Amino acid sequence: MQLILASASPRRKELLSLFGIPFVVRAADIDETMDPQIAPFDEVARVSRCKALALPRQPGDVVVAADTIVVCQGKVLGKPHSPHQAVEMLKLLSGRDHQVMTGCTVIADGGSETFTEVTDLHFRALTDEEIEAYVATGEPMDKAGAYGIQGGAALFCPRMEGDYYNVMGLPVCRLGQTLRRLAPEVMEAKL
């Protein structure tokens, strides 16, 4: 029996480690393109499910997969492809409310479940200089919405409602409840 994290994200690895359960990392290689005609809430869940289903599993194995997006004014913000794109994303988020949505899928012998966790955030108004300095750190380049709440972007966010860890990429509380329900034997394997 193995707990498999279907993600190469160092943040998801760090967050799953909070459970104190041994696991292996096997990144799923899938097309993560989202259909703009479908609600982001549903699409992020679909992508997480595709990641989970893409990995081979043996009887007893439990797969956890997740996908995270930022949604601001109806626009989906994934990971920036360039510093210029990171700047544009942060300018859009400046002074505005937005949502972080993480689709999460658990597949186990006891069944499967896919859900989307949503956290609401507000960024204060950012100056061009603040945005340029933050992008220059390189931190935004591998993160949805071009920011890491656990890093320098903590200075941008005066208000948040929902799961903080969801903003980092893994809704820890809800995932724990799901694992207890679908794979209690995994939760019993705690160190």
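Which residues form a nonpolar patch on the surface? Select Leu18, Met160, Tyr164 and Tyr165: together they make up that patch, with about 350 Å² of accessible area. Keep in mind throughout that this is a predicted model.

**Stop 1: inside the patch**

Now pick out Met160 alone. Met160 belongs to strand β7, which covers residues 159-161. Its relative accessible area is 31%, so Met160 is partly exposed.

**Stop 2: helix α2**

Select residues 40-54 and show them as a cartoon. This is helix α2, with 15 residues. From its first C-alpha to its last, helix α2 reaches 21 Å, close to the 21 Å expected at 1.5 Å a residue.

Next, show the side chains of Glu43, Val44, Ala45, Val47, Ser48, Lys51 and Ala52, which are the buried residues of α2. To see what they pack against, add α1 (10-17), β3 (62-72), β5 (97-108) and β6 (111-122).

**Stop 3: from α2 to a loop**

Stay with Lys51 and add Glu32. These two form a salt bridge, and their closest N and O atoms are 3.9 Å apart. Lys51 lies in helix α2 while Glu32 sits in the loop between β2 (24-25) and α2, so the pair ties together parts that are 19 residues apart in sequence.

Is each partner buried or exposed? Lys51 has 6% relative accessibility and counts as buried, because the cut-off for buried is under 20%. Glu32, at 39%, is partly exposed.

**Stop 4: from α6 to β6**

Select Arg174 and Glu117. What joins them is a salt bridge, with the closest N and O atoms 3.4 Å apart. This pair links distant parts of the chain: Arg174 is in helix α6 (residues 172-182) and Glu117 is in strand β6, 57 residues apart. Arg174 counts as partly exposed at 31% relative accessibility, whereas Glu117 counts as buried at 18%.

**Stop 5: a network**

Select Lys143 and Asp142. Their side chains meet in a salt bridge, at 2.8 Å from N to O. Lys143 is buried, with a relative accessible area of 11%, and Asp142 is partly exposed at 34%. Now add Arg11: salt bridges that share partners join Arg11, Asp142 and Lys143 into one network.

**Last stop: the whole structure**

Zoom out and clear the selection. How many salt bridges does a search of the whole structure find? The search finds 10, among them the pair Lys51 and Glu32, the pair Arg174 and Glu117, and the pair Lys143 and Asp142.

Note on methods
Residues are numbered from 1 along each chain as its sequence is written. This is a predicted model: local features need pLDDT of at least 70, side-chain atom pairs count only at pLDDT 80 or more; totals for chains, interfaces and linings use all residues. Side-chain values use heavy atoms; hydrogens and water are left out. Patches are made of residues with over 30% relative accessible area and no salt bridge: like charges are joined within 9 Å, nonpolar side chains (Val, Leu, Ile, Met, Phe, Trp, Tyr) within 5 Å. Accessible areas come from the Shrake-Rupley method with a 1.4 Å probe; for residues, only the protein chains shown count as cover. A salt bridge is a side-chain nitrogen of Lys or Arg within 4 Å of a carboxyl oxygen of Asp or Glu. Helices (H or I, at least four residues) and strands (E, at least two) are DSSP runs, numbered from the N terminus. Buried means under 20% relative accessible area, exposed over 50%, partly exposed in between (1.4 Å probe, protein chains only). The expected span of a helix is 1.5 Å times one less than its number of residues. Contact means heavy atoms within 4.5 Å.
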